[in-house]
Amino acid sequence: MNDFAQSFATALDLITAADAVLVHTVALSLGVSGAACLFGAGFGLLGGAWLAVARFPGHRALVTLLNTLLALPSVVVGLVVYLLLSRSGPLGSWGILFTPSAMVIAQTILVVPLVAALTRQLVGDSLRDGGDQLRSMGAGALTCALLMLLHDRWAVLTVLLTAFGRAIAEVGAVMIVGGNIAGVTRVMTTSIALETSKGDLALALALGIVLLGVVGVINMLIGVAQRGRGSALAGAR
Amino acid sequence: MNSATLLRLTDVSVHFGPVRALRHVGLQVNRGDFVALIGANGSGKTTLLRLLHGLVAFDGSREVLDATATQVMVFQRPFMLRLSAINNLHVALWLARVPSAERAARAAQALQRVGLAELRDRPARALSGGELQRLALARAWAVRPQILFLDEPTASLDPSAKKEVEALLAGFAAEGMTLVMSTHNLGQAKRLATRVVYLDQGTVRVDLPTDRFFSKVAGASSDARADLFLKGALTWTLE
C-alpha cells in the first residue's frame, strides 16, 4: 500500500517538476507510437477498406489470417524486425537497428492487422446498410469503401485510438529493436521494465501512472471532440 | 420494339439461393413512362426494381438500349452519409462526374426544389422521415437522371409528407423524366402512373395503361388475380 502512495507522490513530483528525462521519454513514446499509428492507419485503413469490398480466391483465408494476426505477440514482431534489420539481415544496410525508426517499423507491423481487421468489419457493416445506394449513384467498389470510411470517421478514430493504445503500451518489440538506450530509444514501457528489474518499484509504478495519464488525456480529448459533434447534431434538430 | 425504349428485360429470372424471386419476366421501360409496380408483399416488386437498375444478378437478357441514359434509385429507407444535407448532394454530384464548378449551384437548386434550402447545413441523418425522403429525391434529381427508380418512396410517411413527395414525383414526370416506382398505395399508382405492372409470385401478370388497369368494369385488368388484388380479396396461398 505504501508503495502505491509513494508511487503517486513520485509520479506527481516528476510531472510537476517537468523532469527532463521524463519529458524526453514521454515525447519519444508519443512520437514513436504516433508515427506507427500514422503509418498503420495508411496501410490498415486502405487494406481493411479494400478487403471489405474485394472478392478473390483466398479472400476468406486472408481475412482469417488477418484476424489471427490480431493476437500477434509483440516480442515475435520485435524478433522478426531485429532479424531483418540486424547487420547480417536483408535490411541491415539501412543501419537503423537500435534507433527510433526501427521502433516505428516494429510498432507499425503490430498495429496494421488491428487497424485493417477492425476497418474491414466496420466498412463491411456500413456497406450492408448503404452499399447499394452508393453503387446506384455510380460509385465503384473501392470508392464505396472509402466513402464509408468518411461516413464512419468517428468509429475510425476509435479504431486508431485502439491501435495507439496497443502501440504505446507494448514493450517487447521496442525493447528488442530499440535496445532501451537512455536518451535515444528509451520509452515509457522500457523504462518501467528497467526500473522494475532494478528493484525501484515505486519509480516503475510512477512511470506507469504517467503512461496511463498520457493515454487518458488523449482519450479525453477525443471524447470531448465526439461530444462536441454529438451536441452539434442534437442542436441541429 | 418501341424506338423510345430505354430498358428491356427478356425472359429474366432472379434466384436468391433456393428462392426464385422473379420468373421469366419480360418488361420494357419506354422514355417518359411512369410505371407503377404493384403487388402483394413478396411478389418481387423490389427485386424487379433492383434488376432494372442493374443491382442484382440474373438469368436472361437485360438490355440498356440507351447507354447514355443516367439511372438513379431512391430506396425505401434512403441511405445518407454522416454529412450535412448539402454535402450529401455534393458527393452524389461528384460520383456523377458533374464538373466541380457546377456542383454548388446544382446542389443548392436541388435543395430549393424540394423545399429543404434552409436545412442545407443540417446533418442529413438528423432529418425527419419526410425531409429525408425529400432529400433523397433532391439528391436523385440533382444528377438529372433519365430514369429514376423508386422503391415505395412514401412508405411510412405521414399524409402530408406523402402529398409533398407525390407532388415532387408528378413534377419530375412532367419534366419528361422516366420513373419506375414500386408502391402498395393503389391510389398513388392511379394518380401518378401512366402504366401499371402487376406482379404476383415473381411473375408479371398484367402490364396495362393505368386507366385500363383501374377500369371499374369487372375483369378489365385481364387477370383474375389482379382483380382480386384490387378488391383486397387476394388470399395468401402456397404454390
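This report describes a predicted model, taking in turn a helix, a sheet, two backbone angles and the contact between two chains.

## A buried helix in chain B

Helix α4 of chain B covers residues 129-142, and its 14 residues reach 20 Å from the first C-alpha to the last, close to the 20 Å expected at 1.5 Å a residue. Eleven of the 14 residues of α4(B) are buried, so this helix is largely enclosed by the rest of the structure. Among the buried residues are Leu132(B), Leu135(B), Leu137(B) and Trp141(B), and the list also includes Gln133(B), Arg134(B) and Arg139(B).

The cover over these buried residues includes two strands, β5 (71-74) and β6 (147-151), together with the helices α2 (85-95), α3 (100-113) and α5 (159-174), which belong to chain B. After α4(B) comes Arg144(B), whose phi is positive, near 55 degrees.

## A three-stranded sheet and the helix across it

Chain B also holds an open sheet of three strands in the order β2-β1-β4, with antiparallel pairing. Its edges are formed by β2 (19-30) and β4 (59-64) of chain B, each of which has a single partner strand, so one side of each is left without a neighbour in the sheet. From one strand to the next, the twist averages 15 degrees.

Strand β1 of chain B, residues 5-16, is joined to β2(B) by eight bridges, and the two run antiparallel; Thr5(B), for example, has Asn30(B) in β2(B) as its bridge partner. Helix α1 of chain B, residues 45-53, lies across β1, β2 and β4 of chain B and runs at about 55 degrees to β2(B).

## Two positive phi angles

Asp11(B) has a positive phi of about 50 degrees although it is not a glycine, and this residue lies in strand β1 of chain B. Asp11(B) has 11 other C-beta atoms within 10 Å, and is therefore exposed.

Glu152(B), which is not a glycine either, has a positive phi of about 40 degrees, and its place is in the loop between β6 and α5 of chain B. With 21 other C-beta atoms within 10 Å, Glu152(B) counts as buried.

## Where the chains touch

The contact takes 15 residues from chain A and 15 residues from chain B. On the side of chain A that touches chain B, at least two residues are supplied by each of α5 (100-136), α6 (141-151) and α10 (201-236) of chain A, and the largest share, six residues, comes from α5(A). The residues on this side of chain A divide into six nonpolar, five polar and four charged.

How values were computed: Residues numbered from 1 in each chain as written. Chains lettered and ligands numbered in written order. Predicted model: local features only at pLDDT ≥ 70, side-chain atom pairs only at ≥ 80, totals over all residues. Helix = DSSP H or I, 4+ residues; strand = E, 2+ residues; numbered from the N terminus. Expected span 1.5 Å × (residues − 1). Buried ≥ 20, exposed ≤ 12 C-beta atoms within 10 Å, placed from the backbone. Contact = placed C-beta atoms within 7 Å. Pairing = 2+ DSSP bridges. Axes fitted to C-alpha atoms, helices over the stretch in contact; angles between N-to-C directions. Nonpolar A, V, L, I, M, F, W, Y, C, P; charged D, E, K, R; others polar.
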